[in-house]
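Me: I'm new to this one, so can you walk me through it and tell me how each label is earned?
Reply: Sure, have a look at it first and then ask away.

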2 protein chains.
Amino acid sequence: MTPPTKDPNAPAADTAPAFVLVRPQLAENVGTAARAMLNCGLDRMRLVAPREDWLSEKAIAAASGAEIVLRHARCYDSTEAALADRHRVLATTARRREMIKPVMTPRHAAGVIRAAAQGGQATAVLFGPERTGLENDDVALADAIVEVPLNPVHRSLNLAQAVLLVGYEWFQAGVDQPPVELLTNGGEMADRAMLLTFFRHLESELDACGFLRNADKRPGMVRNLRSLFERAELTRQEVRTLHGVVKELRWGRRPDRPRRSEGGSPDDWARGEEG
Amino acid sequence: MTPPTKDPNAPAADTAPAFVLVRPQLAENVGTAARAMLNCGLDRMRLVAPREDWLSEKAIAAASGAEIVLRHARCYDSTEAALADRHRVLATTARRREMIKPVMTPRHAAGVIRAAAQGGQATAVLFGPERTGLENDDVALADAIVEVPLNPVHRSLNLAQAVLLVGYEWFQAGVDQPPVELLTNGGEMADRAMLLTFFRHLESELDACGFLRNADKRPGMVRNLRSLFERAELTRQEVRTLHGVVKELRWGRRPDRPRRSEGGSPDDWARGEEG
């Protein structure tokens, strides 16, 4: 993962959007919005005429470790003033307005913001007051509207959740992380040779005990067993463990268990393993 | 947009994942998680040994309209019991475990869940208690881990936010909505003919008043002006408004303003508009 901010106390790079909270009502909500912003590597909060003190104890407690965002927040009298130095402005709204404007998903907006930033433009996203949302005059200051696709019969998000979803998409657009990977805790993956040695060990024991005695079905059964273990994406250590599992199931405490040095002993796999 | 649930009171389609909250501590957090679920069209909540009553007044107030999710929630003694009828299980975690498991983003997980559901498999996503997250034994019950890519130095999400992000991605994977569109409130877009009539009106007035007098620069200036208006993606009504703007700027209350019926009058555009 490539975090956009390496040091959480340093201001986010110039490419990060300012999140402008317009007339937020409760300091607590400003705090939870700050927390959501920092989750997404954003620390440029702007406040337009907040009703309460955004540095109150309540706000700082709600920020839950993101106090730095509140301390760096800049306060303005009007939305116009908060946006004066911005080139591209997006407004989040939950309901459609009587305005002819592009309306985009947060995912699309993330690309728009990043592209604008790459072109040297300063960006901002507007968020309205908790109950009422942005006024039309605020929305009219924006180039486009961001609308989160959500359950149409239960769309209402609180302020921090709206901030989180827009910030999340912005962060994802900059993440250089594979969508899926195997977490191995430093364990090395087994290569094909090691797998094949295990398969041969397993199959020879299954031949010996009679599990694969049906000659017609044997090739299919072997393929299915191999596929099952291949799908598991085994590490070297796991293959060693499986060798042990097979050996102990086969021989356990049986009195006829071959001695370690004997040819054809169950420890053969240990020699073949690296070969 | 294609909502996954048309009727919010009907249970979500069988294709929806169950969200399993393991040992949640505060009823209020169960409520906000329910709200976040319903935002994403999800109403299959399962609770494993919740500490408080998930139908308390506090929980219902926190659910903010998503009481239905709480009322339908099913309660289990153990994570194993909650997962018994599930085929594919994902566990959300904030920290890496000593386990060899695929770890995926919520976006990738959304595809995995939808693909499994298409194949007739029942799915679940596990969420741990507020402070501690899932225990290793819970994680071990899952096929894979979901980890939200977030600011590595400020990853901590509250329960409802984790639920929201995973649910949001699931919802997005089923949304059939263009990432960006022009919101026109039913206004029809202007076609090229209408635009060109406006361009000719504007340019003839700019010729008349001398703005385009530099013959060398005229072609470039005309192209730039046309591009500017084209970029705006004008509706028919907006083009009519712009004709009016040009006409009034040019003639306003001037005594020599041509009469309506005269040839070459500023009302010419109105005739050309539809031609």
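Me: How many cavities of 30 Å³ or more are there?
Reply: The count comes to two cavities of 30 Å³ or more. Keep in mind that this is a predicted model.

Me: What makes a space a cavity here rather than a pocket?
Reply: A cavity is made of points where a 1.4 Å probe fits but cannot get out, whereas a pocket is open. The largest one holds about 30 Å³, and the second largest also has about 30 Å³.

Me: Which residues line the largest cavity?
Reply: Both chains take part: Val103(A), Met104(A), Thr105(A) and Glu147(A) come from one, and Gln177(B), Pro178(B), Pro179(B) and Glu181(B) from the other.

Me: How do you know how that lining splits by class?
Reply: Val, Met and Pro count as nonpolar and Glu as charged, while residues such as Thr and Gln fall under polar. Set against that, the lining of the largest cavity has four nonpolar, two polar and two charged residues.

Me: And what lines the second largest cavity?
Reply: From chain A there are Gln177(A), Pro178(A), Pro179(A) and Glu181(A), and from chain B there are Val103(B), Met104(B), Thr105(B) and Glu147(B). By class, that lining divides into four nonpolar, two polar and two charged residues.

Me: Let's turn to the sheets. What is the strand order in the open sheet that has β1(A) in it?
Reply: Its eight strands run β3(A)-β2(A)-β1(A)-β6(A)-β4(A)-β7(A)-β5(A)-β8(B), and the pairing is mixed.

Me: Why are β3 of chain A and β8 of chain B called edges?
Reply: β3 (74–76) of chain A and β8 (180–183) of chain B each have a single partner strand, so one side of each has no neighbour in the sheet. From one strand to the next, the twist averages 30°.

Me: What makes β1 and β2 of chain A a pair?
Reply: Pairing takes at least two bridges. Strand β1 (residues 18–22) and strand β2 (residues 45–48) of chain A are joined by four bridges and run parallel, so they qualify. Within this pair, Phe19(A) stands opposite Met45(A) in β2(A). Helix α1 (residues 27–39) of chain A packs on the sheet, where it touches β1 and β2 of chain A, and its direction makes about 155° with that of β2(A).

Me: What is the order in the sheet that includes β8(A)?
Reply: That open sheet of eight strands goes β8(A)-β5(B)-β7(B)-β4(B)-β6(B)-β1(B)-β2(B)-β3(B), with mixed pairing. Its edge strands are β8 (180–183) of chain A and β3 (74–76) of chain B, each pairing on one side only.

Me: How do you know that β5 and β7 of chain B pair?
Reply: The cut-off is at least two bridges. Strand β5 (residues 101–104) and strand β7 (residues 144–146) of chain B have two bridges, in the parallel sense, so they count as a pair. Met104(B) has Val146(B) as its bridge partner in β7(B).

Me: Why is Thr93(B) called buried?
Reply: Buried means under 20% relative accessible area. Thr93(B) has 8% relative accessibility, so the label fits. Thr93(B) sits in the loop between β4 (88–92) and β5 of chain B. Leaving out residues up to four places away in sequence, Thr93(B) touches Val139(B), Ile145(B), Val146(B) and Glu147(B).

Me: How much of chain A counts as buried?
Reply: Of its 275 residues, 49% do. Chain A has eleven helices and eight strands.

Note on methods. Residues numbered from 1 in each chain as written. Chains lettered and ligands numbered in written order. Predicted model: local features only at pLDDT ≥ 70, side-chain atom pairs only at ≥ 80, totals over all residues. Heavy atoms only, no water. 1 Å grid on protein atoms, 1.4 Å probe; cavity = no way out; pocket = protein on both sides within 12 Å on 5 of 7 lines; lining within 4 Å. Points joined across faces, edges and corners; volume = space filled by probe spheres on them. Axes fitted to C-alpha atoms, helices over the stretch in contact; angles between N-to-C directions. Contact = heavy atoms within 4.5 Å. Buried < 20%, exposed > 50% of the residue type's maximum accessible area, 1.4 Å probe, protein only.
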